[in-house]
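Here is a friendly walk through a structure you may not have met before. Have a look around it, and then we can go through it piece by piece.

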Amino acid sequence: MGVFIIALLLLSTELYVYDLGKTIDEANQNSFGDFIFAVRLGSKHVVVGSLANVSKGGVNQTLGINLEEWSSFVGRQYQFGKCILNFSLGETHPYASGIWISWGTNGTGVSGAYANFTLKLLDRGVDVNLKHVINITTTLLIKSTYKQMQDNKKQVNVTCKLLNEGTYALAKNFTLYYNNSSDWIVPGPQNNYTLMDYGNGTYFMSFVADIPSVNVEVSVHTHDWREIYVQTNVTSTEI
Amino acid sequence: MFNKKAQIRMLEAFLAVLVIFSASIISIKFSPPTNFDNEKMLSTLGMQALIELDSNGTLGKLIDERNWTAVTEDLKILLPVGVSFNVIVYDSAMHQINDFTIGNGLEGQKVVSVEYPCASQSLECRFYLVRLQLAFAG
């Protein structure tokens with residue numbers, strides 16, 4: 001009888017340990033997925049911050065340096081095993097060190113960053129290799145027309161579209177310049193300057209100025225809400 | 001006489017087995033899984049709240065600004081009523097940077113801790129480790 005009781009005790013203990021282990025495994029799997037998500041989100045923030053830095057005059061290497069530090073930081077934080085975050089920066093045209101800055105004179109300005117990531121997680125009996133790409137692009141598209149008024153006065157209308165990763169996005173601020181043949185000037189109230197925000201990433205600006213040349217050049221400089229800077233110039237067409 | 005004694009012993013042993021077995025079943029089926037389910041749920045709730053707050057870079061921005069009041073208020077909104085929490089923020093050198101208590105007063109028998117690596121979108125790209133401790137209040 002004693003043997004029977006001991007057997008039952010052992011059996012119940014085994015059942016308990018089995019159940020306990022199963023629950024801990026499930027909890028680990030949850031933290032596993034959450035950790036991966038947090039790392040991906042953090043990587044995206046690093047790319048955005050680095051691009052904002054480079055677009056404001058920072059060196060292209062900023063992205064690589066910041067991602068190196070992030071990889072090292074993340075590697076130290078995973079509690080349940082080993083975490084290795086590797087990355088490679090976009091180097092194929094138009095990217096250099098993962099950065100693409102193209103502020104043209106054709107009405108299109110682009111500030112972009114591109115990086116490939118490999119996240120390797122080694123846990124008890126688990127070996128995960130995940131690849132993902134982070135591509136951050138802020139694009140500014142402008143179109144400008146002007147109407148000749150009396151003397152050299154011209155009414156200039158500029159339409160701007162701002163995009164984040166190809167979808168319309170809001171701007172934090174806008175600065176418009178026009179070229180009066182010698183200087184770049186910001187139009188003010190004296191120029192009847194108006195800015196209309198359509199709320200969907202489209203902006204309309206209008207002003208009247210003395211511009212002797214028939215080539216009416218305008219330049220738009222903007223920051224998106226992620227602090228990424230972009231600018232572009234365009235020559236207005238007469239209507 | 002001998003048979004009667006043996007019968008009582010048998011009954012005693014049978015009852016002992018019954019007691020032990022039922023105790024084991026109760027302990028397996030009820031107590032431990034409930035605790036672990038609660039811990040798992042708290043841990044998931046905590047991570048989801050932090051991920052939500054960090055999805056557009058708000059968490060990193062608030063930490064950059066040392067705006068602990070806003071962190072507390074946002075987590076109060078994101079976490080369900082009845083969950084108490086406390087947050088400790090470390091910089092990349094693992095120094096605690098919040099000199100202000102972030103939380104709504106941690107209280108509860110079982111406290112769960114989740115750690116969240118956070119990168120801010122600032123030009124300097126700062127990194128933080130956010131340790132969120134949670135418990136079911138009461």
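Which residue does A:Ile101 stand opposite in β3(A)? Keep in mind that this is a predicted model. In β3(A), the residue facing A:Ile101 is A:Ser111.

**Around A:Ile101**

A:Ile101 belongs to strand β2 of chain A, which covers residues 99–103. Is A:Ile101 buried, partly exposed or exposed? It has 19 C-beta neighbours inside 10 Å, and a residue needs 20 or more to count as buried, so A:Ile101 counts as partly exposed. Setting aside neighbours within four places in sequence, A:Ile101 is in contact with A:Val54, A:Ser55 and A:Ser111. So A:Ser111 turns up twice, as the residue opposite A:Ile101 and as one of its contacts, if we go by the contact cut-off of C-beta atoms within 7 Å. As for A:Ser71, it is 30 residues from A:Ile101 in sequence, and the two C-alpha atoms are 25 Å apart.

**Strand pairs in chain A**

Several strands of chain A pair up, and β3(A) keeps coming back. Here are the antiparallel pairs.

| Strand pair | Bridges | A pair of facing residues |
|---|---|---|
| β1(A) and β3(A) | 8 bridges | A:Phe87 and A:Phe117 |
| β2(A) and β3(A) | 5 bridges | A:Ile101 and A:Ser111 |
| β3(A) and β4(A) | 16 bridges | A:Tyr114 and A:Asn135 |
| β7(A) and β11(A) | 7 bridges | A:Asn173 and A:His223 |

Two of these pairs are hairpins. Between β2(A) and β3(A) there are 4 residues, and A:Gly107 in that hairpin takes a positive phi near 90°. The hairpin of β3(A) and β4(A) has 2 residues between its strands, and there A:Gly125 in the turn shows a positive phi of about 70°.

The pair of β7(A) and β11(A) sits in an open sheet of 4 strands, which runs in the order β8-β7-β11-β12 with antiparallel pairing. Why do β8 and β12 of chain A each have a side without a neighbour in the sheet? β8 (184–185) and β12 (229–235) stand at the edges with a single partner strand each, so one side of each is left open in that way.

**Two domains and a core**

The domain assignment splits chain A into domain 1 (2–135) and domain 2 (140–238). Where they touch, domain 1 puts in 15 residues and domain 2 puts in 14 residues. On the domain 1 side, the elements that give two or more residues are α1 and β3 (108–123) of chain A. Sorted by class, that side has 5 nonpolar, 9 polar and 1 charged residues.

Now for the largest nonpolar core. It holds 75 residues, and those with the most contacts inside it are A:Val47 and A:Leu51. Helix α1 of chain A (residues 2–55) gives the most to this core, with 10 residues. Where does the core lie relative to the two domains? Both domain 1 and domain 2 of chain A give residues to it, so it lies between them.

A:Val47 is a good spot to zoom in on. Leaving out neighbours within four places in sequence, A:Val47 is in contact with A:Leu63, A:Ala113, A:Ala115, A:Ile134 and A:Ile136.

**Over to chain B**

Chain B has 4 helices and 4 strands. Along the sequence the helices come before the strands, in the pattern α-α-α-α-β-β-β-β. Of the 138 residues in chain B, 25% are buried. Among contacts in chain B with a separation of 6 or more, 65% are between residues 24 or more positions apart.

The 4 strands form an open sheet in the order β2-β1-β4-β3, and the pairing is antiparallel. At the edges are β2 (102–103) and β3 (112–119) of chain B, each pairing on one side only. β3(B) is joined to β4(B) (residues 127–136) by 8 bridges, and these strands run antiparallel. One of the bridge pairs there is B:Cys118 with B:Tyr128 in β4(B).

Which helix of chain A packs on this sheet? Helix α2 of chain A (residues 62–77) does, touching β3 and β4 of chain B, and its direction makes about 170° with that of β3(B).

Note on methods: Residues numbered from 1 in each chain as written. Chains lettered and ligands numbered in written order. Predicted model: local features only at pLDDT ≥ 70, side-chain atom pairs only at ≥ 80, totals over all residues. Pairing = 2+ DSSP bridges. Core = buried A, V, L, I, M, F, W, Y, C linked by C-beta atoms within 7 Å. Buried ≥ 20, exposed ≤ 12 C-beta atoms within 10 Å, placed from the backbone. Domains from an automatic or database assignment. Contact = placed C-beta atoms within 7 Å. Axes fitted to C-alpha atoms, helices over the stretch in contact; angles between N-to-C directions. Nonpolar A, V, L, I, M, F, W, Y, C, P; charged D, E, K, R; others polar.
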